[in-house]
Amino acid sequence: MEHPTFRRAPNGTILLKASPEAQALPRQCPRAQAPYRAKKPEEVDSEAWAHVVSEGGDTSNAALVLCRWKVQFGRYQGRTFHWLLENDVGYSVNLVASHQKERERTEAQSPLMANKGAFARYSSAYPDFVDAVRFHRAFEEARAISLQPGQEGRALVGFGDFKFETLQGLYDSTDNQKVRFVKYLQRISPAPGTQMENAVQYVRSRDRRRTNAAADASTSSSCSAASPSAASQRATSASQPLGSALTAFVSGRRSLSAVEMQAQVKKLVAPRPASTAAHFSPFRPALSSPRSSVEPTDEELVKAVVDLETFAASVLEVSADCGAAAVDRSGAVYQGQHGEALAHK
């Protein structure tokens with residue numbers, strides 16, 4: 001008779017919700033209640049002893065006598081410890097947890113503190129209740145931390161097999177059971193105002209952050225891959241100072257006659273006006289002749305052709321044999337037509 005019968009959920013856990021009998025009790029406003037002086041523990045114990053005797057119980061059974069102690073405070077004032085533990089476990093858990101914290105701060109003794117201490121001793125005989133108190137304290141401590149900015153994941157799950165796990169620990173875990181539980185939370189619609197709703201909101205928030213982080217990483221990778229390509233294109237452009245003029249000249253050199261080639265070379269090696277000095281000029285072979293402002297000699301033209309052919313071959317990356325053949329043909333034609341002039345000079 002001294003042991004309470006706990007109401008339990010289908011999974012076996014103790015129900016914290018107040019029983020219909022407890023809910024039916026009128027809720028009185030504290031100001032409307034008459035002032036009440038908590039009885040001394042000796043007086044409460046004496047009444048409990050008499051209660052046990054009236055029921056024909058064994059007064060040597062300390063637990064039986066203690067369960068007949070009456071609450072000296074709050075809305076359940078006058079109810080026995082046994083009744084309170086059976087009908088409102090949630091209230092009882094809060095009561096014991098707050099009393100434990102109070103005892104950590106002070107050793108002061110009063111009739112009220114003695115009454116709370118007696119209830120804590122009575123309820124501590126039941127492991128399921130002790131576990132509920134331990135979880136309540138851990139949950140409240142974690143909740144206080146989770147209210148700080150960026151610490152939402154420090155809150156406890158608060159229900160199910162992983163109620164002692166933090167939300168962050170649950171989400172980041174690689175354990176198969178926890179991974180399945182997270183996937184379950186991702187697809188359900190929980191009841192408003194429940195611990196499950198808090199867990200679902202956290203999981204969805206982490207899902208969004210993970211998706212955004214993956215998108216940002218993908219964008220960064222694309223930009224990094226594009227940058228070397230652009231730099232390579234700029235370097236390639238910078239390494240070709242002759243531009244389209246030289247390319248057109250070299251690509252068409254096989255169809256030019258000796259006279260036409262001479263005219264083209266004259267254009268390329270001719271002095272540039274001062275107004276174009278600020279711009280990058282095409283390749284201009286250095287001439288040893290001091291007559292840079294007059295018409296170049298045949299020797300200078302031949303050397304310029306050879307130099308231009310060699311440089312164009314390296315820029316355009318033509319094959320060695322094709323480049324050599326082009327130089328031979330152009331050189332042979334030019335020298336054949338102007339051999340006598342060269343010999344004379």
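Start by selecting K163: at 22% relative accessibility, this lysine counts as partly exposed, because the buried class ends at under 20% relative accessible area. Keep in mind as you go that the model is predicted.

**Stop 1: around K163**

Now add D131 to the selection. The side chains of K163 and D131 meet in a salt bridge, with 3.6 Å from N to O. Zoom out a little to see what the pair connects: D131 sits in helix α7, while K163 belongs to the loop between α7 and α8 (167–172), and the two residues are 32 apart in the chain. D131 is partly exposed, with a relative accessible area of 28%. Next, bring in R134, since there is a network to look at here: salt bridges link D131, R134 and K163.

**Stop 2: from α8 to α10**

Select D172 and R206. Their side chains form a salt bridge at 2.7 Å, N to O. D172 lies in helix α8 and R206 in helix α10 (residues 195–238), so this pair ties together parts that are 34 residues apart in sequence. Try colouring the two partners by accessibility. D172 counts as partly exposed at 39% relative accessibility, whereas R206 is buried, with a relative accessible area of 15%.

**Stop 3: R8 and D128**

Move to R8 and show D128 with it. Here too the side chains meet in a salt bridge, at 2.7 Å from N to O. R8 lies in the segment before α1 (20–23) and D128 in helix α7, so the contact ties together parts 120 residues apart in sequence. R8 is partly exposed, with a relative accessible area of 39%, and D128 is partly exposed as well, at 37%. If you would like to hunt for others, the count for the model comes to 8 salt bridges.

**Stop 4: helix α6**

Finish with residues 111–123, which make up helix α6. This helix has 13 residues and reaches 19 Å from its first C-alpha to its last, close to the 18 Å expected at 1.5 Å a residue. How many of the residues of α6 are buried? The number is 10 of the 13, so the helix is largely enclosed by the rest of the structure. To pick them out, select M113, A114, N115, K116, G117, A118, F119, A120, Y122 and S123. Then display what surrounds them: these buried residues pack against α2 (41–54), α3 (62–67), α4 (81–87), α5 (89–105) and α7 (127–146). Among those neighbours, α7 will be familiar from earlier, as the helix that holds D131.

Note on methods: Residues are numbered from 1 along each chain as its sequence is written. This is a predicted model: local features need pLDDT of at least 70, side-chain atom pairs count only at pLDDT 80 or more; totals for chains, interfaces and linings use all residues. Side-chain values use heavy atoms; hydrogens and water are left out. Helices (H or I, at least four residues) and strands (E, at least two) are DSSP runs, numbered from the N terminus. The expected span of a helix is 1.5 Å times one less than its number of residues. Buried means under 20% relative accessible area, exposed over 50%, partly exposed in between (1.4 Å probe, protein chains only). Contact means heavy atoms within 4.5 Å. A salt bridge is a side-chain nitrogen of Lys or Arg within 4 Å of a carboxyl oxygen of Asp or Glu.
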